[in-house]
Amino acid sequence: MSYEKVVQANERIVGTKQTLKALEEQQVKELIIADDADHGVLSKVLALAEDQGVPIQTVDSMKKLGKACGIDVSAAIVAIKK
């Protein structure tokens, strides 16, 4: 499951702005996106990830994704760094 990947990742980036910056710097190995996130907000990130061939996994809950990252708030997107 992708939540386990997030927990086990040595370096991860949480949030849309930080993920976009990391993608622009080609530092992302994989993206994890919550199904209940607003995909309109994530569209620029998703387009750039697809252009770079970065694998995109989905999980069902922003709340659970935030918890897997060790934060007390929801997370729409997490990037696992190369």
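Select Ile32 in strand S2 and its surroundings: Ile32 stands opposite Gln57 in S3. The coordinates come from a predicted model, so a word on confidence is in order before continuing. The mean pLDDT of the protein is 92, and 99% of its residues reach 70 or more. Helix H1 has the lowest confidence, with a mean of 82, whereas helix H2 has the highest, at 96. Where pLDDT is low, the predicted coordinates should not be read in detail.

**Stop 1: the S2-S3 pairing**

Keep Ile32 displayed and add the rest of S2 (28-34) together with strand S3 (residues 56-59). These two strands pair in the parallel sense, over four bridges. Besides Ile32 and Gln57, two further pairs may be picked out. Leu31 has Ile56 as its bridge partner in S3, and Ala34 stands opposite Val59. In a regular strand the side chains alternate between the two faces of the sheet.

Next, add helix H3 (residues 39-52) to the selection. Together, S2, H3 and S3 form a β-α-β unit of right-handed sense.

**Stop 2: the other neighbour of S2**

Now select strand S4 (residues 77-81). S4 pairs with S2 in the antiparallel sense, over five bridges. One place to look is Val28, which stands opposite Lys81 in S4. Colouring S2 by accessibility shows a mostly covered strand, with six of its seven residues buried.

**Stop 3: the whole sheet**

Add strand S1 (12-14) and view the strands together. Which order do the four strands follow? The open sheet runs S1-S4-S2-S3, and its pairing is mixed. S1 and S3 stand at the edges with a single partner strand each, so one side of each lacks a neighbour in the sheet. From one strand to the next, the twist averages 20 degrees.

**Stop 4: salt bridges**

Display the charged side chains next. How many salt bridges are counted here? The count comes to three.

Begin with Glu30 and Lys5, whose closest N and O atoms are 3.0 Å apart in a salt bridge. Glu30 lies in S2 and Lys5 in helix H1 (residues 2-8), so this pair ties together parts that are 25 residues apart in sequence. Is Glu30 buried or exposed? Glu30 is buried, with a relative accessible area of 9%, because the cut-off for buried is under 20%. Lys5 is partly exposed, at 37% relative accessibility.

Then centre on Glu11 and Lys81, whose side chains meet in a salt bridge with an N to O distance of 3.7 Å. This pair links distant parts of the chain, 70 residues apart: Glu11 is in the loop between H1 and S1, and Lys81 is in S4. Both residues are partly exposed, Glu11 at 44% relative accessibility and Lys81 at 24%. Lys81 has already appeared on this tour, as the residue opposite Val28.

Finally, select Lys64 and Asp60, which form a salt bridge at 3.7 Å, N to O. Lys64 is partly exposed, with a relative accessible area of 46%. Asp60 is likewise partly exposed, at 44% relative accessibility.

**Stop 5: an unusual backbone angle**

Move to Gln26, in the loop between helix H2 (16-24) and S2. Its backbone merits inspection: Gln26 has a positive phi of about 55 degrees, although it is not a glycine. Most residues other than glycine have a negative phi. Gln26 counts as exposed because its relative accessibility is 52% and the cut-off for exposed is over 50%.

**Stop 6: the annotated span**

To close, select residues 5-81. An unreviewed UniProt entry annotates this span as "domain: Ribosomal protein eL8/eL30/eS12/Gadd45". A distance drawn between the end C-alpha atoms of residues 5-81 reads 12 Å. By secondary structure, the span is 44% helix and 25% strand.

Technical notes: Residues are numbered from 1 along each chain as its sequence is written. This is a predicted model: local features need pLDDT of at least 70, side-chain atom pairs count only at pLDDT 80 or more; totals for chains, interfaces and linings use all residues. Side-chain values use heavy atoms; hydrogens and water are left out. Buried means under 20% relative accessible area, exposed over 50%, partly exposed in between (1.4 Å probe, protein chains only). UniProt positions are given in the numbering used here, feature names are shortened, and annotations may be inferred rather than shown by experiment. A salt bridge is a side-chain nitrogen of Lys or Arg within 4 Å of a carboxyl oxygen of Asp or Glu. Two strands pair if DSSP finds at least two bridges between them. A crossover is right-handed if, with the strands pointing away from the viewer, the path from the first strand over the helix to the second runs clockwise. pLDDT is the predictor's confidence in each residue, from 0 to 100. Axes are lines fitted to C-alpha atoms, for helices over the stretch in contact, and angles run from 0 to 180 degrees between N-to-C directions.
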